[in-house]
Amino acid sequence: RSDTVPPVLGLDSDGDGLSDYEELLLGADPAAGLRVGDRVDLNLAALAGDGRTVRLLGKPPAGLRFDPVSGRLMGLLGGVPGLYDLQLLVLESGMVVRAINLPLAVEAFPPRLLAGYEALVETPEGQPLGILRVSVTRPSLWSGSLELLGAGRRSGAGSFELVPGRSRAELRLVFKAAGAAPEAVVELNLDTATALVDGRLTAGVGEGVLRGHRLTTLAGSPPTARRLTLALDPGVQNGIDYPAGFGWAKGSVSNRGVVAFKGQLGDAQAFAMAANLGVNGQALVWVQPYKNKQSYLGGVLPMPDVGQPAPVAESLLPGMQWFKAADEKERSYAEGFAEPLALTGHAQPFHPVKTATELATQLDLPESLLSIEIESEVLSNAEGAMVSLPTALRLAANFALTVAEPATGFVPWSGKINKADGGVTGVLTLPARDTHLAGKAPLSGVLLPGLSPEATVGIGLIQVPVTGKKGQFRTASLLLEK
């Protein structure tokens, strides 16, 4: 049978210079050639016979060490691919009785594994816990960082080996304990057959699962840097239990796939986000912008087509989660959230303009008119609302937003659009009502040209002053439509 009959003495199935018979004697796999990145353990003494010793002549590949006592050639195969001609001397009573030609043909490390990778760390139920960033720039060597909920960033580096006979690797990454954060051990699976990665994390008594992707390079990035705007849609919220405002940000993606955003979450909390474009056309998000580090924004953000090549891998399940922990020092929603709030991210390219006419054309605004919708339980411009708020705005030649409707009786208003980055700002001056205080209500947001549904051209939030400590506010949603 094929599993018991020794192969023909001269057959070399894997082309590594050793016959299948010799590899079986040495304890190697005759069907798997030697590669940079393989863990090697060859029992050369098996070629000598009982009562004899062996000596190795020649320089083995980098990473391998010959032990003259045991007769084994061992180590993590490094260096460069090529043919390494060695000679094995068999000695009896100190005399050479035989010389064996021992050519080792070493193949290259799988080049597709040399890349950058990112993976979200999540609970089995999908709640974000952090992010792992890993770079494999040289065979069998990794460096990276780990950010976990409530802890700072930790860096690490180390080595790994390939799975025998397969173009994949199972990395064991160790990040040392820091402060109150225990040592974290990550098992990360990389495979040339897919750009997606997975694995698991163990940190103290806690565990997490990983899902992520390979990062794009210059070849998979946009040909030039592009400006972007971003909406973080929380769905319909009442503005009391959860913020009603849309989160927003302005940013860019570079010609090397580097993504950067700055803006506000739906409670007007400022945030900055640095991410990277994956080969599947998505970016992973992990931000902890609050002083209470049990708060977070994390998930998967689909990226728009801004001229980059088509994605070469399947997508991760998109969507983000936003959680704000209680903090009495916060001026909005100090009580925090009862549960994480699901967000849908929409990123769109924005083309800077020179004139308001160009912008109206880009947004497809008939007569430069914008419909404005304000909604929450603390402030609304719906019919019958307690305060007369603008329901339509007109884009002026100087990019100011003037009130087009109602014709009279509306509260004082000023607003404008930033022609360079698509930002929208404004201020409503509110009278006192049961749901809010009198005072200034700042408005902020971004334009979103090309967003689906097509009627929507911008989003944002309004900070509505409410009773409580000085400066306390809730947020209302802002929707700009054609």
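This is a guided tour of the structure, one selection at a time.

The model is predicted, so a local feature needs a pLDDT of at least 70 and side-chain atom pairs count only at pLDDT 80 or more, while totals for chains, interfaces and linings use all residues. Residues are numbered from 1 along each chain as its sequence is written, and side-chain values use heavy atoms, with hydrogens and water left out.

**Stop 1: the eight-stranded sheet**

Select the strands in the order E19-E18-E17-E16-E23-E22-E21-E20. They form an open sheet with antiparallel pairing. Strands here are DSSP runs of at least two residues, numbered from the N terminus. Two of them pair if DSSP finds at least two bridges between them.

Now go to the edges. Strand E19 (270–276) and strand E20 (282–287) each have a single partner strand, so one side of each is left without a neighbour in the sheet. Neighbouring strands of this sheet are turned by 25 degrees against each other on average, direction ignored. Strand axes are lines fitted to C-alpha atoms.

**Stop 2: the E18–E19 hairpin**

Select strand E18 (residues 258–264) with E19. Seven bridges join the two, which run antiparallel. Pick Val 259 and look across: its bridge partner in E19 is Ala 275. Five residues lie between the strands of this hairpin. Click on Ala 268 in the hairpin, which takes a positive phi near 75 degrees.

Which residues make up the covered face of E19? They are Phe 271, Met 273 and Ala 275. The uncovered face holds Ala 270, Ala 272, Ala 274 and Asn 276.

**Stop 3: Thr 229**

Move to strand E16 (residues 226–233) and select Thr 229. Is Thr 229 buried or exposed? Thr 229 has a relative accessible area of 0%, so it is buried. Buried means under 20% relative accessible area, exposed over 50% and partly exposed in between, with a 1.4 Å probe and protein chains only.

Show the polar contact of the Thr 229 side chain: it reaches the backbone oxygen of Leu 447 at 2.8 Å. Then show the wider surroundings, where contact means heavy atoms within 4.5 Å. Leaving aside neighbours within four places in sequence, Thr 229 is in contact with several residues, among them Phe 261, His 346, Asp 421 and Leu 448.

**Stop 4: aromatic pairs**

The structure holds six aromatic pairs. Rings of Phe, Tyr and Trp (its six-membered ring) pair if their centres lie within 6.5 Å; planes under 30 degrees apart count as stacked, over 60 as edge-to-face and the rest as tilted.

Select Trp 286 and Tyr 296. Their rings are stacked, 5.7 Å centre to centre and with 15 degrees between the planes. Trp 286 lies in strand E20 and Tyr 296 in strand E21, so the pair ties together parts that are ten residues apart in sequence. Trp 286 is buried at 6% relative accessibility, and Tyr 296 is buried at 1%.

Next, select Trp 322 and Phe 337. The ring centres are 5.0 Å apart and the planes stand at 85 degrees, so this pair is edge-to-face. Trp 322 sits in strand E22, while Phe 337 is in the loop between E22 and strand E23 (341–349), 15 residues apart. Both Trp 322 and Phe 337 are buried. Add Tyr 242, and you have one aromatic cluster of these three residues.

Stay on Trp 322 for its strand partner. Leu 297 stands opposite Trp 322. Strand E21 (residues 296–302) and strand E22 (residues 319–323) pair in the antiparallel sense over five bridges.

**Stop 5: the nonpolar cores**

A nonpolar core is a set of buried Ala, Val, Leu, Ile, Met, Phe, Trp, Tyr and Cys residues joined through side-chain atoms within 4.5 Å. The largest has 48 residues, and those with the most contacts inside it are Leu 132, Leu 173, Leu 188 and Leu 201. A second, separate core of 37 residues includes Leu 228, Leu 265, Phe 271 and Val 300.

Zoom in on Leu 188. Beyond four places in sequence, its contacts include Leu 132, Val 134, Leu 173 and Leu 210.

**Stop 6: the three-stranded sheet and Val 90**

Select E2-E5-E4, an open sheet of three strands with antiparallel pairing. E4 and strand E5 (residues 72–76) pair over four bridges. Arg 65 stands opposite Met 74 in E5.

Finish in strand E6 (residues 82–92) with Val 90. Val 90 is buried, at 0% relative accessibility. Val 90 and Ile 100 are 7.9 Å apart, C-alpha to C-alpha.

Note on methods:
A polar contact is a pair of N or O atoms within 3.5 Å; within protein, one must be able to donate a hydrogen and the other to accept it, and residues adjacent in sequence count only if both atoms are side-chain atoms. Axes are lines fitted to C-alpha atoms, for helices over the stretch in contact, and angles run from 0 to 180 degrees between N-to-C directions.
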